[in-house]
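Biologist: Could you walk me through this one from the beginning? I have not looked at it before, so please take it slowly.

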Amino acid sequence: MNWTWFHRLGSPPHIYRIAGTLTPWFAWPAGLLIAAALYGGLVLAPPDYQQGEGFRILYVHAPSAWLAVMIYGVMASAAAVGLIWRMKVAHAVAASCAGVGAWFTAVSLLTGMLWGKPMWGTYWVWDPRLTAQLILLFLYLGYMGLRAGIDDLGRADKASAVLAIVGVVNIPIIRYSVEWWNSIHQAPSVMKMDRPSMPFDMLAPLLMMLLGFTLYFAAVMLVRLRAEILRRERTASWIREVLR
Amino acid sequence: MTEFFAMGGYAVFLWPAYLVTLIAIVANVLIARRAHDGAKQEARRRFDLEDEGSTT
Amino acid sequence: MTAIRTSTIAAAWLVLERDLRLAVRRPAQLIQPLVFFAVVTLLFPLGYTPELGKLRAIAPGVLWVAALLASMLALESLFREDAADGTLEQFVVSGQPLVGLMAAKTLAHWLLTGLPLTLMAPLLGIALGVPVVAMPGILVALMLGTITLSLIGAVGAGLTLGVRRGGVLLSLLTLPLAVPVLIFGARATELAILGESQIGPLYLLSALAVLGITLAPLAAAAAVRIGLE
């Protein structure tokens, strides 16, 4: 078994270069996919038989909600790798995730509220998904707060990594408890999109949006990662060569 | 065209939702770029200082 | 092997004993969370309505939120003094598994706050119009729930060790994690007040406690180790 690839993964200059090369390969397909999905979702897809044109909020709400959850997963995985194999670059990845994740959690909440007003008649209903998303936002803010609160970078990395892992263990429990709580109090749940038969011209833009947002996140995260690496390696000599 | 922007009466909710998402997408690109450019500039400045220190 | 195990338990026992003794010598710290619990609970009749019928409807939520906040209040001091005077560092270098010592400290925290809060809840429940027959149910629910709260709190307190003015941050970290406890606990309390079977939420509360007991001391030990680096 050849492990050089693994050691390279831990090498900041190598990652810095690779991230730079990869960014456009994520950014351009992301842009194209999102643009195509916008056309498909706003123009081509037929109106929903229940929600009319209003359902089209789905095409921005669902991908944001997906990013919110997925980014937390990426962040916690990177944090775990950083803790277990003492890989500094993994901690830098986790640090680059948090801000983007918090942004899109907020977006999913706002779009959910804007969707809720025409469907429920009110901006906020204690719908289980919205509630779980709100708690997720607090988890992100706590993570960012802890990172900002510790001055020593190595300690901030490790402490926030433990918090991310604790959070990722808790997220399914929180989601379950909120669903359970909701089932007792019988609040309406209109935002269920898992209907058995979504027609293809409705579904295709959604899938394109999901993929597009995911690639977009990868591109943004890589740029942040490069900034993070430069900040952490301030004294390293390889930076001099890279910046020339 | 006006019909498209009216979105069957849902325009007041639909377009703000898209606008919010657009703001987040653009903002995150700008934040990431600014962080990277800032880090590069800071590194350059430090190297310039070091070079000055070594020649004089 | 057995020798090591007994010495681990002995060490944990010593830590527990020490924490309890220290707490008894400073009763003010013991009593403050209880007073806080009472004040927060009794603000509701003043801020909402003195009608016992209406208060009874919100009693589960009020009791649990107040207990949650009171237990959080006592967390800040869980590690702070031990970190300041070097006790925690001695724990780390003592050669004893830190997990066991953390479990002992968490148990001490529960005995000193969670348990007294639980025992005090019936008194406050009466002020909120809760019928006396509901008290046993409320006691069981709070007892199970506060165990998990102490466990989550120990992780949070460990993580905020190196943070200046970490109190607010500590709450921000631990409150979202405590949501399931709040949900199941308040539901169990509500069922007790209604005189119905609490078995469902009590199961879930016990499951949370078991999960917490297995995982939280590990996380707390890791957090303390990082905080002392």
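Modeller: Let me begin with a single side chain: A:Glu228 counts as buried, since its relative accessibility is 12%, and buried here means under 20%. Please keep in mind throughout that this is a predicted model.

Biologist: Which residue does A:Glu228 form a salt bridge with?

Modeller: The partner is A:Arg232, and the closest N and O atoms of the two are 3.1 Å apart. Both residues belong to helix 7 of chain A, where they sit four residues apart, which is about one turn of the helix.

Biologist: And which residues are joined with those two into one network?

Modeller: Through salt bridges that share partners, A:Glu228 and A:Arg232 are joined with A:Arg147, A:Asp157 and A:Arg231 into one network.

Biologist: How far apart are the closest N and O atoms of A:Asp157 and A:Arg232?

Modeller: They are 2.8 Å apart, in a salt bridge between the two side chains. A:Asp157 is in helix 6 of chain A while A:Arg232 is in helix 7 (residues 200-232), so this pair ties together parts that lie 75 residues apart in sequence.

Biologist: Is A:Asp157 buried or exposed?

Modeller: A:Asp157 is buried, with a relative accessible area of 5%, and its partner A:Arg232 is buried as well.

Biologist: What about A:Arg147, which residue does that one pair with?

Modeller: A:Arg147 forms a salt bridge with A:Asp157, with 3.0 Å between the closest N and O atoms. Since A:Arg147 lies in helix 5 (residues 128-149) and A:Asp157 in helix 6 (residues 153-185), both of chain A, the bridge ties together parts 10 residues apart in sequence. A:Arg147 is also buried, at a relative accessible area of 15%.

Biologist: How many salt bridges are there over all chains?

Modeller: The count over all chains comes to 19 salt bridges.

Biologist: Let's change topic to chain B and chain A. How many salt bridges are there between them?

Modeller: There are three salt bridges between chain B and chain A. One of the salt bridges in the model joins the side chains of A:Arg240 and B:Glu50, at 3.0 Å from N to O. Across this interface there are also seven residue pairs in polar contact.

Biologist: Which helix gives the largest share of chain B's side?

Modeller: That is helix 2 of chain B (residues 11-55), which supplies 27 residues to the side that touches chain A. Sorted by class, that side of chain B has 20 nonpolar, four polar and seven charged residues.

Biologist: And how much area do the two chains bury between them?

Modeller: Chain B and chain A bury about 3000 Å² between them, and 74% of it is on carbon and sulfur atoms. The contact involves 37 residues from chain A and 31 residues from chain B.

Biologist: One last topic, chain C: how many helices and strands are there?

Modeller: Chain C has 10 helices and zero strands. Its C-alpha atoms fill a box of roughly 55 × 35 × 30 Å along the principal axes.

Biologist: What is the radius of gyration of chain C, next to that of a compact globule?

Modeller: Chain C has 18 Å, which agrees with the value near 17 Å that a compact globule of 229 residues would have. Buried residues make up 52% of the chain, and among contacts in chain C between residues at least 6 apart in sequence, 78% join residues at least 24 apart.

Definitions and conventions:
Residues numbered from 1 in each chain as written. Chains lettered and ligands numbered in written order. Predicted model: local features only at pLDDT ≥ 70, side-chain atom pairs only at ≥ 80, totals over all residues. Heavy atoms only, no water. Salt bridge = Lys/Arg side-chain N within 4 Å of Asp/Glu carboxyl O. Helix = DSSP H or I, 4+ residues; strand = E, 2+ residues; numbered from the N terminus. Buried < 20%, exposed > 50% of the residue type's maximum accessible area, 1.4 Å probe, protein only. Contact = heavy atoms within 4.5 Å. Buried area = accessible area lost by both parts, 1.4 Å probe. Polar contact = N/O pair within 3.5 Å; in protein donor to acceptor, adjacent residues only side chain to side chain. Nonpolar A, V, L, I, M, F, W, Y, C, P; charged D, E, K, R; others polar. Rg over C-alpha atoms; globule rule 2.2 N^0.38 Å.
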